[in-house]
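Biologist: I should like to learn how to read helix packing and side-chain contacts in a model of this kind. Could we proceed feature by feature?

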Amino acid sequence: MPTVLEVVPAAPASVDPLRQLVRAGQAGDRGAQKRLLERLSPVLLAAIRRILSPAHPSIEDVLQETLVALVKALPAFRGESGIGTYAGRIAV
């Protein structure tokens, strides 16, 4: 079974399929941020379920807190890993 940090494999910024959304989101484009969160949410939700257990009552709250933290941390993202890896570390 993969660890939480292996859920979203790291991708160099040059091949990250979400790179354009990340850059637009970093520039404050709310639409790009929304699309980015929609793309990352299922993977983050699965990781959070593995950490807390599938029946934990706070899974949705933790996901929401993770997504809020990701938007706040987006300007600091330097692209040294894939955005999925960055988001996964925020979730952990």
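The dialogue below takes up confidence, helix packing, a salt bridge and one residue's contacts.

Modeller: This is a predicted model, in which local features need pLDDT of at least 70 and side-chain atom pairs count only at pLDDT 80 or more, while totals for chains, interfaces and linings use all residues. Residues are numbered from 1 along each chain as its sequence is written, and side-chain values use heavy atoms, leaving out hydrogens and water.

Biologist: What pLDDT does the chain average?

Modeller: Where pLDDT is low, the predicted coordinates should not be read in detail. The chain averages 88 (pLDDT is the predictor's confidence in each residue, from 0 to 100), and 84% of the residues score at least 70.

Biologist: At what angle do helices α2 and α3 pack?

Modeller: Two packed helices are described by the angle between their axes and the distance between the axes. Helices here are DSSP runs of H or I, at least four residues, numbered from the N terminus. Axes are lines fitted to C-alpha atoms over the stretch in contact, and angles run from 0 to 180 degrees between N-to-C directions. Helix α2 (residues 30–52) packs on helix α3 (residues 59–73) at about 135°, with the axes 9 Å apart. That makes α2 oblique to α3 (under 35 degrees is roughly parallel, over 145 roughly antiparallel, 65 to 115 roughly perpendicular, the rest oblique).

Biologist: Which residues of α2 and α3 meet?

Modeller: Contact means heavy atoms within 4.5 Å. Among the α2 residues that meet α3 are L37, L40 and L44, and the α3 side includes V62, L63 and L70. The residues of this contact divide into 12 nonpolar, 3 polar and 2 charged.

Biologist: How far apart are the axes of α1 and α2?

Modeller: The axes of helix α1 (residues 19–26) and α2 lie 7 Å apart, at an angle of about 135°. The contact is made by L21, V22, A24 and G25 of α1 with A32, Q33, R35 and L36 of α2.

Biologist: How many salt bridges does the whole structure hold?

Modeller: A salt bridge is a side-chain nitrogen of Lys or Arg within 4 Å of a carboxyl oxygen of Asp or Glu. The whole structure has 2. One of them joins E38 and K34, at 3.6 Å from N to O; both residues lie in α2, 4 residues apart, about one turn of the helix.

Biologist: Which residues does Y86 contact, leaving aside neighbours within four places in sequence?

Modeller: Y86, in helix α4, is in contact with L70, A73, A76, F77 and S81. Y86 and L70 are 16 residues apart in sequence and 8.4 Å apart in space, C-alpha to C-alpha.

Technical notes:
Helix = DSSP H or I, 4+ residues; strand = E, 2+ residues; numbered from the N terminus. Nonpolar A, V, L, I, M, F, W, Y, C, P; charged D, E, K, R; others polar.
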